[in-house]
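Subject: Structure handover

Hello,

Here is the structure I promised to pass on. Please open it alongside this email.

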Amino acid sequence: MHVREWTVCVIEPNKFEAQLLMDMMRGVGAERIKFFTDSEEAMDALGVYAANIIIAAVESLPVDGVAWTRAFRRNLSVKNRRASVFLTSRAFSRSLAEDCRHAGANALIGKPLSAKILTDTIRKVLANPRPFIEAEKYVGPCRRAGIITAGGPVRRRKADAEGEGPQVGSLAQALVTLGQAVDAMLDGKADPAVAEGALKRLQAYAVAAGDGPMMRACAAMNLQLKARATTRPEAAREALAACVAGMTELAGLDRSNAGERELIAESVRLAVAKAAKAAA
């Protein structure tokens with residue numbers, strides 16, 4: 001199946017992770033993508049939206065991804081219950097993979113996600129479709145071949161870790177943490193220092209990767225965080241949202257798209273500059 005034939009449904013309770021997933025899909029050429037933060041709402045929408053690829057977090061709400069997949073496979077009112085289902089989770093384990101297999105999922109992918117692992121797994125599943133079974137106790141792709149798994153936590157020897165400096169998490173993970181910290185700060189539920197700490201972790205990733213546009217976007221956001229008290233609340237909120245959105249775009253673009261990534265970094269800087277003119 002050519003990527004332009006992909007019709008994607010993303011179910012992810014965290015809006016920043018959902019944005020990353022959609023950017024990953026767009027980055028490989030997928031054009032039809034819808035996302036939902038509510039798994040029950042997604043089920044209702046799939047009654048008319050004929051997705052052939054579903055990417056759902058195991059930690060979805062109000063129905064978790066495993067139970068949701070089982071219900072989806074048995075739901076005669078959805079447009080395409082034979083769609084390939086890819087479940088994602090940070091709690092990657094052999095037992096979880098078995099639960100996903102028996103629910104009718106095609107694959108389990110460990111978080112944090114990367115564009116390569118996600119798209120490689122999708123292509124692997126689509127290239128080798130398994131017979132679809134409709135039985136009293138099970139509905140879904142044939143389970144005999146097992147379930148495809150990818151990603152998951154990397155286990156490292158303690159001695160290896162001790163020989164290095166502080167470990168930097170993945171870009172996706174750092175972005176999600178930053179987005180959550182900014183949301184909490186803007187809602188008055190967290191001190192700005194929490195967002196500043198999350199930004200430092202993202203900056204550490206950008207520096208380690210030698211990612212110039214991301215470093216510049218981080219520097220602009222750092223200025224906005226420091227100037228937040230002297231900026232009108234609505235202007236500060238708009239600038240911070242632009243920063244997170246720009247960084248998310250940067251994360252979804254391959255480093256080979258240098259010109260486009262530079263433009264995104266500049267748009268982040270301009271958003272912060274605009275906010276600076278809006279004195280509190």
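Below is what was found in it, starting with the sheet and moving on to the helices. Please keep in mind that this is a predicted model.

**The sheet**

Start with the strands. There is an open sheet of 6 strands, and its pairing is parallel. The order across the sheet is S2-S1-S3-S4-S5-S8. Strand S2 (32-36) and strand S8 (148-150) are the edge strands, each pairing on one side only. On average, neighbouring strands of this sheet are turned by 15° against each other, direction ignored.

Look next at the S8 edge. S8 pairs with strand S5 (residues 107-110) in the parallel sense, over 3 bridges. One residue pair to find there is Leu108 with its bridge partner in S8, Thr149.

Two helices to see against the sheet are H1 and H4. Helix H1 (residues 15-27) packs on the sheet and touches strand S1 (7-11), S2 and strand S3 (53-57). The direction of H1 makes about 170° with that of S2. Helix H4 (residues 94-103) also packs on the sheet. H4 touches strand S4 (84-89), S5 and S8, and its direction makes about 145° with that of S5.

**H1 with H5**

H1 has a helix partner too. H1 and helix H5 (residues 115-127) pack at an angle of about 65°, with their axes 10 Å apart. H1 passes H5 in a right-handed crossing. From H1, the contact uses Leu21, Met24 and Met25. From H5, Ala115, Leu118, Thr119 and Ile122 take part. By class, that contact has 6 nonpolar residues, 1 polar and no charged ones.

**H3 with H4**

H4 also packs with a helix. H3 and H4 have their axes 8 Å apart, at an angle of about 15°. The two helices are therefore roughly parallel to each other. The crossing of H3 past H4 is right-handed. On the H3 side you will find Val66, Thr69, Arg70 and Arg73. They meet Leu96, Asp99, Cys100 and Ala103 in H4. Sorted by class, the contact of H3 with H4 has 4 nonpolar, 1 polar and 3 charged residues.

**An aromatic pair and a cis bond**

Stay with H3 for a moment. The structure holds 1 aromatic pair. The pair is Trp68 and Phe72, and it is stacked. Their ring centres are 5.1 Å apart, with 5° between the planes. How are these two residues placed along helix H3 (residues 65-74)? Trp68 and Phe72 are 4 residues apart in H3, so about one helical turn separates them.

Now step back to the loop between S3 and H3, where Pro62 is found. The peptide bond from Leu61 to Pro62 is cis, with omega near 0°. Most peptide bonds are trans.

**H9 with H10**

One more helix pair to look at. Helix H9 (residues 212-227) and helix H10 (residues 233-252) pack at an angle of about 165°, and their axes are 10 Å apart. That angle makes H9 roughly antiparallel to H10. The crossing of H9 and H10 is left-handed. H9 brings Pro213, Met214, Ala217, Cys218, Met221, Gln224 and Leu225 to the contact. H10 brings Ala236, Ala239, Leu240, Cys243, Val244, Met247, Leu250 and Ala251. The contact of H9 with H10 has 14 nonpolar residues, 1 polar and no charged ones.

Best wishes

Definitions and conventions: Residues are numbered from 1 along each chain as its sequence is written. This is a predicted model: local features need pLDDT of at least 70, side-chain atom pairs count only at pLDDT 80 or more; totals for chains, interfaces and linings use all residues. Side-chain values use heavy atoms; hydrogens and water are left out. Two strands pair if DSSP finds at least two bridges between them. Axes are lines fitted to C-alpha atoms, for helices over the stretch in contact, and angles run from 0 to 180 degrees between N-to-C directions. Contact means heavy atoms within 4.5 Å. Angles under 35 degrees count as roughly parallel, over 145 as roughly antiparallel, 65 to 115 as roughly perpendicular and the rest as oblique. A crossing is left-handed if the near helix is turned anticlockwise from the far one by less than a right angle, and right-handed if clockwise. Ala, Val, Leu, Ile, Met, Phe, Trp, Tyr, Cys and Pro count as nonpolar, Asp, Glu, Lys and Arg as charged, and the others, Gly among them, as polar. Rings of Phe, Tyr and Trp (its six-membered ring) pair if their centres lie within 6.5 Å; planes under 30 degrees apart count as stacked, over 60 as edge-to-face and the rest as tilted.
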